[in-house]
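User: Could you take a close look at the backbone oddities in the loops of this one? I'd like the local picture first, then whatever sheet context you have.

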Amino acid sequence: MKYEIQGGSFPVVVCTLEANEKMITEGGGMSWMSPNMKMETSSNGGIGKMLGRMVTKESLFQNNYTAQGGQGMIAFASSLPGEILALEIGPGKDYVCQKSAFLASTEGVTLSTFFQKKLGAGFFGGEGFIMQKIAGNGLAFVEVDGAAIRYNLQPGQQLIVDTGHVVLMSSTCSMDVQTVKGVKNVLFGGEGLFNTVVSGPGEVVIQTMPIPKLAGAIQPYIITQGK
């Protein structure tokens, strides 16, 4: 499979498949494709994985697209302005990402539910108690809100991040929360009460424009119907 990411700030990944090669995506993930791409809807793992996808607000079913009779083409577009990242998945290279970040993958990549081990990180970290884990073998594509900034953390090295900005991290990383210190900082600093703390070793990808912050920024300019 060959791919090209196009579209700038409104990205789409266009994949070229050889005969019988397969791509996997969530329901509604396909944007356009050649006529010889055959779609087959599947639970991809049975009831357990279906329920896991449900709690992460993904589709209960996944769609498998296979190129038939020769080379085929299929495209997957991002839902918001930002970036699409290509991740090489393999032994020792699996990732934990925010809900709804997964866009598509080659056959052999698995998507499962990941529960934060520390309750504080789940309830107050902004990334959620339930996340997604991408593992297996192959190539996966994920959506990033805004620009993607990468860091490689050494063992014990930490990065303090405002809530909602962590889009994915290596499964070797851990996540926790810390309280913003100082009453004046909490009341007047505008940064909230908690920050997310990511500890290495592993890769961390930060997104510059989380959806909640984008929504909050444009809300004052939206004219409510009826006014």
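Analyst: Asn20 is exposed, with a relative accessibility of 62%, and this is a predicted model, so take the geometry in that spirit. Asn20 sits in the loop that links strand S2 (12–17) to strand S3 (22–26), and its phi is positive, about 75°, even though Asn20 is not a glycine. For background, most residues other than glycine have a negative phi, and most peptide bonds are trans.

Ser100 is another case: a residue other than glycine with a positive phi, near 75°. You'll find Ser100 in the loop between strand S9 (95–97) and strand S10 (102–106). Its relative accessible area is 41%, so Ser100 counts as partly exposed.

Then there's the peptide bond from Gly200 to Pro201, which is cis, with omega near 15°. Pro201 belongs to the loop between strand S18 (194–199) and strand S19 (202–207).

Now the sheet context. S3 and S10, which flank two of those loops, both belong to an open sheet of 6 strands, ordered S5-S6-S3-S10-S13-S8 with antiparallel pairing. Strand S5 (37–42) and strand S8 (82–89) are the edges, each pairing on one side only. On average, neighbouring strands in this sheet are turned by 20° against each other, ignoring direction. At the S8 edge, the partner is strand S13 (residues 138–145), joined in the antiparallel sense over 8 bridges. Within that pairing, Leu85 has Val142 of S13 as its bridge partner.

Technical notes
Residues numbered from 1 in each chain as written. Predicted model: local features only at pLDDT ≥ 70, side-chain atom pairs only at ≥ 80, totals over all residues. Heavy atoms only, no water. Helix = DSSP H or I, 4+ residues; strand = E, 2+ residues; numbered from the N terminus. Buried < 20%, exposed > 50% of the residue type's maximum accessible area, 1.4 Å probe, protein only. Pairing = 2+ DSSP bridges. Axes fitted to C-alpha atoms, helices over the stretch in contact; angles between N-to-C directions.
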